[in-house]
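The following paragraphs go through one protein chain, starting from a single residue and moving on to surface patches, salt bridges and overall figures. Please keep the sequence and the structure in view while reading.

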Amino acid sequence: MKKIKFYIEQNIKRIFLFISLLSIILGLGIIYSLVEILPTSNDECLWIPKRIAPDTLEVYFDFVKFEGVTWNAGVRDGDKLVAINGVPVKNTYVATYVLDQVAAGDSAVYTIERNGQTIETKVEVKKLINITRLAFALFAFIWMIIATMVIAANPYGRTQRLFFFIGVMLIFTNTSLPFNTIDFMKLDYIPDSILNFLILLRLFGFAFLPFVVVHFFWVFPLERKIITRKWTIKILYAIPTVLFLLSLLFEAWDAKSFTYEKMLLLSVMSVLGIAGNITGIIALFKSYSKLKTKRERNSIFIILVGYMLGLGALAYFLIVANTLPRAAIFNSPEYFLPIVLITFVPISFGYSVFKYSLMDVSDVFKNTIIYGTATLSIAGIYFFLIYFLGQSISQAISSDYQGIFAAIIFIGFALVFQSTKDKFQDLLTRRFYPEQFAFQEVLVKFSRDVSTIVKLDPILDSIKKIFIDSLRLQKAGLVLRSGNSNECRSYFSVGYNGEKLSFKNYQMRILRFVDKKKKLKQLPAIDQNDFETVFPAISGELKKQEIFTIIPLLIKSKVIGLVLFGLKHSGSQFAGKDLELLSAVANQIAVSIENARLYESESEKVKMDRDLENAKKIQRSLLPKEIPIFPQMEISGTMIPALQVGGDYYDIIKIADDKFFVIVGDVSGKGLAASYYMTKLQTMMRLFAEKAADPREVLIEVNKKIFSEIERNWFITVSVGLFDLTKRTLLFCRAGHTPLIQISGNRAETFVPKGLGVGLERGKVFDSTLEQIEIPLDSDNLFAFYSDGITEDISPNGELFGVEPLKTILKENKEKNVEIINQKILDALYDFRQSDQQSDDITLVLVKYLGQ
């Protein structure tokens with residue numbers, strides 16, 4: 001089923017063209033039959049059958065028109081019709097059939113009986129066309145012609161398809177050519193199977209036509225709310241389906257008789273037909289009252305006038321004409337001529353469609369005529385010149401070289417023909433379509449200019465300027481996707497409220513729609529008929545804000561944005577060549593925006609690389625240029641930055657010959673901002689380390705200063721140790737940093753005093769929770785101050801290095817020099833990562849107390 005549906009969509013233009021041709025041919029056949037085959041012979045009187053006996057009928061003349069052809073032949077009311085051209089008249093059917101064999105203008109010999117006397121007289125025969133049936137056939141044919149142009153303009157539009165199907169249904173309702181027994185007799189050369197098929201088409205059209213009409217006027221010129229409800233379409237077409245199936249059932253039951261059931265069903269269909277037209281005209285009036293612009297109202301006003309004329313003609317026929325004497329059909333057929341006014345309905349549609357470019361027809365129609373004529377004209381001139389030059393050359397040169405010269409001339413003209421034709425069409429476009437020509441010129445220039453702009457903001461400004469200022473669009477907007485997220489941002493929206501339109505999470509729907517359009521070889525433009533499919537949550541709002549066309553901006557099967565359009569400055573919707581050009585420009589816009597983003601990304605990368613290098617320089621400058629030497633101590637410090645600069649920092653601050661601070665810090669965040677806060681931290685640490693008595697006091701003072709300067713989403717973790725060699729103690733305090741590890745003998749002990757990170761709280765809570773501990777120094781004690789870049793280093797399998805392996809290395813190598821121990825730890829980390837990049841800065845300060 002999906003394959004069939006896809007095939008139909010892929011070949012929809014050919015299918016509609018095929019249906020159009022069949023319908024037009026059928027319509028012409030109906031008109032030809034009504035004019036040439038089915039006209040009734042008219043002798044300007046009535047034949048009245050009278051039953052004389054159970055099996056005997058006699059036919060008498062009545063309502064003989066004064067000075068009509070029968071009157072002039074001497075026939076009067078009350079005369080008995082005995083025979084026509086020698087054929088005995090047994091009933092009116094036989095009389096009509098015999099008379100219809102006589103051509104218009106010829107005479108038939110009537111044998112009549114008056115007062116027991118038989119008389120023969122010649123009566124001139126006239127032909128009477130059924131004006132009513134011809135009017136409806138013309139109505140259907142004209143509508144079908146316009147519908148063919150409408151569907152050619154846009155075979156994918158809902159409104160266009162409904163208008164087309166009305167035309168097809170109208171043709172179907174006129175296909176039952178035999179209207180009575182005489183008609184069947186006249187068309188006896190047509191096989192019964194074809195006549196039965198035509199009757200089925202008529203039943204189908206008769207059942208569905210009023211409901212298609214209602215559907216059409218519920219979407220044209222404005223979509224009515226009722227049609228958006230789920231049950232409306234189902235009910236709208238369920239009813240005619242039931243009626244058609246009942247019709248088939250009754251036809252299969254008794255095809256030749258006009259039964260009560262058929263009459264009742266026909267009455268129901270007739271009532272529904274009238275109700276459908278009334279509903280349609282009411283919907284059209286309501287839509288007309290809500291139209292805003294003068295151009296829109298004028299276009300629909302013409303249709304309303306034509307529609308009212310048609311309904312008036314129909315009302316005249318149903319009310320006035322049917323009350324006339326039966327003889328009026330033959331004696332005064334002019335009384336039935338007003339029914340022809342029903343053709344004003346399709347004519348008014350055609351005028352508005354072409355005049356005001358309704359349903360995208362005008363451009364297609366004009367282009368077909370003007371460009372077709374231009375091409376044929378140039379082709380005619382082209383072949384005339386070839387012929388003229390060929391004749392001239394044939395006379396000037398010998399026959400041996402005539403073929404060669406003819407080929408050269410043909411090739412030369414073939415080369416110039418296409419370019420000449422294109423230039424001529426450009427000239428015609430400038431002359432007959434100034435708006436379209438200006439539109440194309442502006443967009444072509446924009447497409448050329450925008451490719452030279454490398455920055456995003458100027459590109460966006462150019463897009464807005466071209467659509468609003470140059471093309472004078474009343475409604476236009478640009479929506480761009482934010483990076484790789486599903487969030488979309490409206491860069492500008494003119495003439496509508498862009499804040500009410502959220503295009504979030506429509507990426508896959510748009511891509512599926514575009515992919516389908518590509519397979520069907522159609523432009524990836526989303527019009528109002530597709531809003532419900534692509535943008536179900538906001539389709540109503542899009543229509544309410546009068547957005548008619550949306551073109552996706554695509555780069556490598558990725559939607560990077562949308563361009564939204566209302567109507568053109570002239571009031572018509574974008575279609576045909578304009579839509580093709582807009583799609584091409586949209587592709588250029590997408591490429592330019594993507595290039596601008598890549599340019600900005602590259603510029604940002606260069607800037608980031610520069611900032612990264614500056615941050616690294618700052619980070620290196622904060623580290624101790626040389627580590628102080630104390631006779632009883634071994635000290636080693638290392639800081640290895642990650643690829644992306646973090647905020648690790650360490651310092652060794654000597655405040656006396658027997659006292660020094662060891663500080664290890666980690667600023668949250670990365671980059672230049674982190675290095676900025678590291679600089680602040682180092683400056684404050686050195687300042688307060690000289691004045692403060694212990695690590696706790698240093699951290700309290702630093703937090704007071706940092707809190708007022710640091711951003712609220714930033715903080716710093718710090719470990720501070722004060723070694724006093726005279727007292728042989730270590731005062732240790734940590735502000736949210738990693739624990740301190742002490743190796744003493746074969747024991748590894750971890751110290752985790754309480755404390756918040758610096759900059760998280762103003763001071764009251766920070767001061768009250770900050771804990772300081774005192775650790776005695778014993779010979780060969782080894783202390784490790786480190787950052788979480790060591791314990792949280794990651795293996796290729798996603799495992800963390802952890803604290804225990806660090807303790808193991810420290811214990812196994814405690815007897816060695818701290819520089820060697822430091823390198824052992826770094827080697828272990830490298831092996832653990834297996835050559836992967838480290839994810840964070842690695843900072844390690846080892847301090848070994850050798851004793852007195």
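Start with I282, which is partly exposed at a relative accessible area of 44%. The model is a predicted one. I282 lies in helix α10, and its side chain belongs to a nonpolar patch on the surface. The other members of that patch are I274, I278, L318, I319 and V320, and with I282 they cover about 520 Å². Two elements, α10 (260–290) and α11 (294–320), each give two or more residues to the nonpolar patch. I282 can take part because patch residues need over 30% relative accessible area, and its own value is 44%.

A second surface patch carries charge. D457, D461, E600 and E604 gather there, and the patch is negative. Here the elements that supply two or more residues are α17 (456–470) and α21 (576–622). E600 sits in helix α21 and is partly exposed, with 36% relative accessibility. E600 too passes the cut-off, because patches take residues with over 30% relative accessible area.

Charged side chains also occur in pairs. Side chains of opposite charge can pair when their charged atoms come close. The count for this model is 15 salt bridges. One of them joins D724 to K659, with 3.9 Å between the closest N and O atoms. D724 is in strand β17 (residues 716–724) and K659 is in strand β16 (residues 659–667), so this salt bridge ties together parts that lie 65 residues apart in sequence. The partners differ in how they are covered: D724 is buried, with a relative accessible area of 7%, whereas K659 is partly exposed at 28%.

Another salt bridge links E749 and R747, whose closest N and O atoms are 3.6 Å apart. E749 is partly exposed, at 31% relative accessibility. Although 31% is over the 30% that patches require, E749 cannot be a patch member, because residues with a salt bridge are left out of patches.

Which side chain meets E804 in a salt bridge? The partner is K807, at 3.8 Å from N to O. Both residues are in helix α26 (residues 804–812), and because they are three residues apart, about one helical turn separates them. K807 is buried, with a relative accessible area of 13%. Elsewhere, E44, K65 and K126 are joined into one network by salt bridges that share partners.

Helix α26 also holds L806. Is L806 buried or exposed? L806 is buried, with a relative accessible area of 0%. Apart from its neighbours within four places in sequence, L806 is in contact with I741, Y786, I790, F801 and I825. For one of these, I790, the C-alpha atom is 8.3 Å from that of L806, and the two residues are 16 apart along the chain.

The overall figures put these local views in context. The protein chain has 27 helices and 23 strands. Of its 852 residues, 46% are buried. Among contacts with a separation of 6 or more, 68% are between residues 24 or more positions apart. The chain exposes about 43400 Å², and carbon and sulfur atoms supply 59% of that area.

Methods. Residues numbered from 1 in each chain as written. Predicted model: local features only at pLDDT ≥ 70, side-chain atom pairs only at ≥ 80, totals over all residues. Heavy atoms only, no water. Patch = residues over 30% accessible without salt bridge, like charges linked within 9 Å, V, L, I, M, F, W, Y side chains within 5 Å. Areas by Shrake-Rupley, 256 points an atom, 1.4 Å probe, with all protein chains shown as cover. Salt bridge = Lys/Arg side-chain N within 4 Å of Asp/Glu carboxyl O. Lys, Arg positive; Asp, Glu negative; His and termini not counted. Charge placed at Lys NZ, Arg CZ, Asp CG, Glu CD. Helix = DSSP H or I, 4+ residues; strand = E, 2+ residues; numbered from the N terminus. Buried < 20%, exposed > 50% of the residue type's maximum accessible area, 1.4 Å probe, protein only. Contact = heavy atoms within 4.5 Å.
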